[in-house]
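Thank you all for coming; I would like to walk you through one structure this morning, going from its domains down to single side chains. Please have the sequence and the model in view while I talk.

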Amino acid sequence: MNPLQNFLQWCNTVGLRLSHKVCVSKEGTVADYGMLAKDNIEEGEVLFTIPRSAVLHQGTTKVSAMLEKEKSSLESSSGWVPLLLALLYEYTSSQSQWKPYLSLWANFKTLDHPMFWSKEERDGLLRGTGIPEAVETDLANIQREYTNVVLPFIRKHPDLWNPGTHTLELYTQLVAFVMAYSFQEPQERDDDDKDDEEEEEVEKTKTPYQLMMVPMADMLNHVSNHNAILEFTLDSLKMVCVRPIHKGEEVFNTYGQLANWQLLHMYGFTEPHQSNSNDNVDIPIINLYKVATQGVQSDLARQLVEEKWEMLLELMQEKATFVFGKQGCLTDTELHSVLKVLCMSEEEFSEFKDHEGWEEDEEEEISLALSYEGLPGLNASWKWLIHEAARLTASSYGDWEGGGSAPEGLSSRQQRALHVCCGQRSILHRLMELTKS
């Protein structure tokens, strides 16, 4: 029996109910496994239901009592250690209840996050996107967490874990597995109709296990224009159709409103940048500072810029960024504040300091001003700052040209890097076009 058939048989034994209108397949899907409609599906139909007992997290694993007993020693910056220890145990245990599920990932070769690329590939293909820096942080954190928290715990419990089997390499693969396939339960159920009795029932059943592995749900691929969504109830999780799906179409879930750089970093894949409605690009605040200091002639003028910069750093970090999506600025309030300060005259800035700030403009006005419709109407000094900061950001990329079609013969990694870079650069080019003097 192949792994998929074995998994589907297991689904029956654990009470996972799969609609007769869908099937799981490797054929006709956008990537690896996926779910296809065998018949027309109406909005609101349930595609499958999985009982909470079949969901895998630190509260359902065979070693849950041990993890609960020693949870204070498993605290870390990620908060993922208990789940990862549960996965280390279940993945390598021949007696695991989830073996047919975990066997679908026999060696994690399908995971191709940038953390598994060489440093040269990351720096070469993804320069300017923010991904290489994020991956370096991830890898350092994973190593620190494994060395300082996981390994001492494993050595303390040699009857359940083994440093020779549960290595840093396997731990890193499982981190990527969790990044790509886990689900996070909403902290609050937004159900306005719950009465007090049901509210109490929800409170009693709440657990700290918000991050979990959900068999079958992780078979579905993601697109921003999705047609299904995972719903959480007290005793089960359900994949529900949110718009009609025609026979033969793929069923797509959503992982959230994610740009291509986030999809590649966290999940190892991208959407073609033209079709990802959630694509965005970061403009570092430092680039606005660099632009503001360009062409400053006098020492007095330079000192004024430096004073403004120091004040801004009290409000936000030096590594802060401003995010532009496909409709405009997604961090408009923060960008508005920075532009306002950097473009103040000496008198205005002096008055601003004396009054310890200013009365903020209406959020709606700010949002409109920094939308793509509003940008051409900004005053010249603001437009120049945005234009030059966007140009400086665009110059930090590799050789990919924004908006162009993919050259022939690209590897899978090159294609995904192209989606990220072209998507970001096309937003920057649009920004420059709208803020031309």
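**Where two domains meet**

Let me start with the contact between two of the domains: 24 residues of domain 1 are in contact with 22 residues of domain 2, where contact means heavy atoms within 4.5 Å. Before going further, I should say that this is a predicted model, in which local features need pLDDT of at least 70 and side-chain atom pairs count only at pLDDT 80 or more, while totals for chains, interfaces and linings use all residues. Residues are numbered from 1 along each chain as its sequence is written, and side-chain values use heavy atoms, with hydrogens and water left out.

The domain assignment of the protein chain, whose bounds come from an automatic or database assignment, gives domain 1 as 3-55 + 214-267, domain 2 as 63-184, and domain 3 as 281-400 + 408-435. Between the C-alpha centres of domain 1 and domain 2 the separation is 24 Å.

How much area do domain 1 and domain 2 bury between them? The value is about 2,000 Å², with 68% of it on carbon and sulfur atoms; buried area here is the accessible area (1.4 Å probe) that two parts lose on being put together, summed over both. On the side of domain 1, Asp 218, Leu 264 and His 265 lose the most area to domain 2, and together they account for 30% of what that side buries.

As for specific pairs, there are zero salt bridges between domain 1 and domain 2, a salt bridge being a side-chain nitrogen of Lys or Arg within 4 Å of a carboxyl oxygen of Asp or Glu. There are, however, five residue pairs in polar contact between domain 1 and domain 2, both residues being at pLDDT 80 or more. A polar contact is a pair of N or O atoms within 3.5 Å; within protein, one must be able to donate a hydrogen and the other to accept it, and residues adjacent in sequence count only if both atoms are side-chain atoms.

The elements giving two or more residues to the side of domain 1 that touches domain 2 are α1 (3-13), β8 (228-232) and α9 (260-267). Helices (H or I, at least four residues) and strands (E, at least two) are DSSP runs, numbered from the N terminus.

**Helix α9**

Let me stay with α9 for a moment. Six of the eight residues of α9 are buried, so α9 is largely enclosed by the rest of the structure; buried means under 20% relative accessible area, exposed over 50%, and partly exposed in between (1.4 Å probe, protein chains only). The buried residues are Asn 260, Trp 261, Leu 263, Leu 264, His 265 and Tyr 267, and they pack against α6 (131-156), α7 (168-181), β7 (221-222) and α16 (412-434). After α9 comes Gly 268, whose phi is positive, near 85 degrees.

**Salt bridges**

How many salt bridges does a search of the whole structure find? The search finds twelve, and I will pick out three of them.

In the first example, the side chains of Lys 119 and Asp 123 meet at 2.7 Å, N to O. Lys 119 and Asp 123 are four residues apart in helix α5 (residues 119-125), and so are separated by about one helical turn. Lys 119 counts as partly exposed at 43% relative accessibility, and Asp 123 is also partly exposed, at 31%.

Next, Arg 413 forms a salt bridge with Glu 121, with the closest N and O atoms 2.7 Å apart. This pair links distant parts of the chain, since Arg 413 is in helix α16 and Glu 121 in helix α5, 292 residues apart. Glu 121 is partly exposed, with a relative accessible area of 27%.

Finally, Lys 436 pairs with Glu 433 in a salt bridge whose closest N and O atoms are 2.9 Å apart, and Lys 436 is partly exposed at 44% relative accessibility. Salt bridges that share partners also join Asp 112, Glu 121, Arg 413 and Arg 416 into one network.

**Phe 116 and Ser 25**

Arg 413 appears again around Phe 116, a residue in the loop between α4 (99-102) and α5. Leaving aside neighbours within four places in sequence, Phe 116 is in contact with Leu 111, Thr 172, Gln 173, Ala 176 and Arg 413, and Phe 116 is partly exposed, with a relative accessible area of 30%.

Is Ser 25, in strand β2 (residues 22-25), buried or exposed? At 14% relative accessibility, Ser 25 counts as buried, and its side chain reaches the backbone nitrogen of Glu 27 at 2.8 Å.
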